[in-house]
Structure formats: structure tokens, C-alpha cells
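Reader: Hello! Could you take me through one part of this model closely, and show how it sits among its neighbours?

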Amino acid sequence: MNKQAFLGVLRKGLTFLHDDEVEERLSFYREMIDDRVEDGLTEEEAIREIGTPEEILARILVDMPPAKAEKKKSAPKRRLHWWEILLLILGSPIWLSLLLAAFAVVLSLYAVLWSVIISLWAAEIALWGASFGVFVGGVGLAILGHMLPGLALLGAGMVCAGLSVFLFFGCFAAAKGTLLLTRKLAAGIKNFFEKGE
């Protein structure tokens, strides 16, 4: 690798620094290579002595305070040209309406998902209520002397109670899975926008 290629790779890797700091680092390594070349080494030998661009970038990152890296990370990488701004403004009726439609679709899918969970819990509560009501009705019929219908209602109440136990675990698992999915989607959206910056 010659000096120009070395400095080009180093420049591409130093995007986490401000422009003046990048130039300062590049001139430092340029002078270091030139000094070694003056001492009789070839550019390739001088670069081998200094180290690979990846090693140098790792050293710079280790030596740099974290707050400084974060500050540069949040700074915009480039400014928009006037024609890009004009295209964004002129295209806004299209891209803005598509963005709003996509947001509405995602929001409605999210609402449907949670409405299914709420419906499952409503069915769970209805089963508990039905089992209690049927059980009380069966006991009432048995007390009034209608043994056979009373026993049938008691059996139906027990079946409803058993089904409600199974549905409880299903509702709990579905709600837990939906919460986990929601967290993963939120983390994915956050990572997408952080990468965009």
C-alpha cells in the first residue's frame, strides 16, 4: 500500500472526527511517512512500520473521550444542496402523503394487534363470569328440586372454569409476546433512525 492509498483509507475511517481534526491527523501520518522515506525506507516499508489504517483507527478510538465521539456522531455529515431542498419541497405532496399512509397502516396494524389481545382478555373474563353464573344457577336449580338440570349446569360451569384457566395462560402468553414484539419493533425503528444520522 502506498502513501496515497494509506491516507485515503485513513480519511474514510476518520468520519467520527471533525474535518479540521481529520486533516491534522492525516498531516501527522503524512509527515511520519515522509520522515521514514527520507531515512531510506520505501513508502510500503514506512507504512508497515506505522501500522495498518485499521490499527491506527482503533488506537485513535481508544484514546478519544467518548463524549467527543458522540458529539461528532450526532452532527450532520453533509449539508443539502439547494436543488435537493427544492426537490424535497416539490416532491412533498407525494412523499409526505406516502409517509403518512405508511404511518397510518403501521398504526392500524398495531391497534388491531392490541385489539385482538383485549378481545382475548374480554373472552377470558366472560368465561369466568359465565362459569360463576352457571355454577350458581346449577346450585339454585338443585336446591329447588330440579336435580338433573342443576347437575348439567354445574358440569357446564366446571367446563367453563376449566376453559377459562387454559385461556388465561393463552392470553398471558399472547400479551407477553405482543409486548416483546413491540419492544423489538421500537428498538429496530430507533436503530434505523440512529444509523440514518
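Author: Happy to! Let's look at helix α1, where K3, F6, L7 and L10 are buried. These four cover an arc of only 90 degrees around the axis, which puts them on the same side of α1. The spacing fits a general rule: an α-helix has 3.6 residues a turn, so residues three or four places apart point the same way. Please keep in mind that this is a predicted model.

What covers that buried side? The cover includes α2, α3 and α4. On the face of α1 turned away from it, you will find the exposed residues Q4 and K12. Q4 also has a part at the start of the helix: N2 caps the N-terminal end of α1, with a side-chain oxygen 3.4 Å from the backbone nitrogen of Q4.

Now for the charged residues, which may interest you as a chemist. K3 counts as buried because its relative accessibility is 13%, under the 20% cut-off. The side chain of K3 has a partner, too: K3 forms a salt bridge with D34, and the closest N and O atoms are 2.8 Å apart. This pair links distant parts of the chain, since K3 is in helix α1 and D34 in helix α2, 31 residues apart. D34 itself is partly exposed, at a relative accessible area of 29%.

A further link between these helices comes from R11 and E23, whose side chains meet in a salt bridge (2.7 Å, N to O). Here E23 belongs to helix α2 and R11 to helix α1, 12 residues apart. Both ends are partly exposed: E23 has 39% relative accessibility, and R11 has 39% as well.

The count comes to 3 salt bridges, and the one still to mention joins two of the covering helices. E49 forms a salt bridge with R36, the closest N and O atoms being 2.8 Å apart. That pair connects E49 in helix α3 with R36 in helix α2, 13 residues apart. R36 is partly exposed, with a relative accessible area of 24%.

Finally, let's view the contact from the side of α4. Helix α4 (residues 53-63) has its own buried residues, P53, I56, L57 and I60. They cover an arc of only 100 degrees around the axis, which puts them on the same side of α4. These residues pack against α1 (3-13), α2 (19-38) and α3 (43-50), while the face of α4 turned away from them carries the exposed residues E54 and V62.

Note on methods. Residues are numbered from 1 along each chain as its sequence is written. This is a predicted model: local features need pLDDT of at least 70, side-chain atom pairs count only at pLDDT 80 or more; totals for chains, interfaces and linings use all residues. Side-chain values use heavy atoms; hydrogens and water are left out. Buried means under 20% relative accessible area, exposed over 50%, partly exposed in between (1.4 Å probe, protein chains only). Helices (H or I, at least four residues) and strands (E, at least two) are DSSP runs, numbered from the N terminus. The arc is that of the directions from the helix axis to the C-beta atoms. Contact means heavy atoms within 4.5 Å. A polar contact is a pair of N or O atoms within 3.5 Å; within protein, one must be able to donate a hydrogen and the other to accept it, and residues adjacent in sequence count only if both atoms are side-chain atoms. A salt bridge is a side-chain nitrogen of Lys or Arg within 4 Å of a carboxyl oxygen of Asp or Glu.
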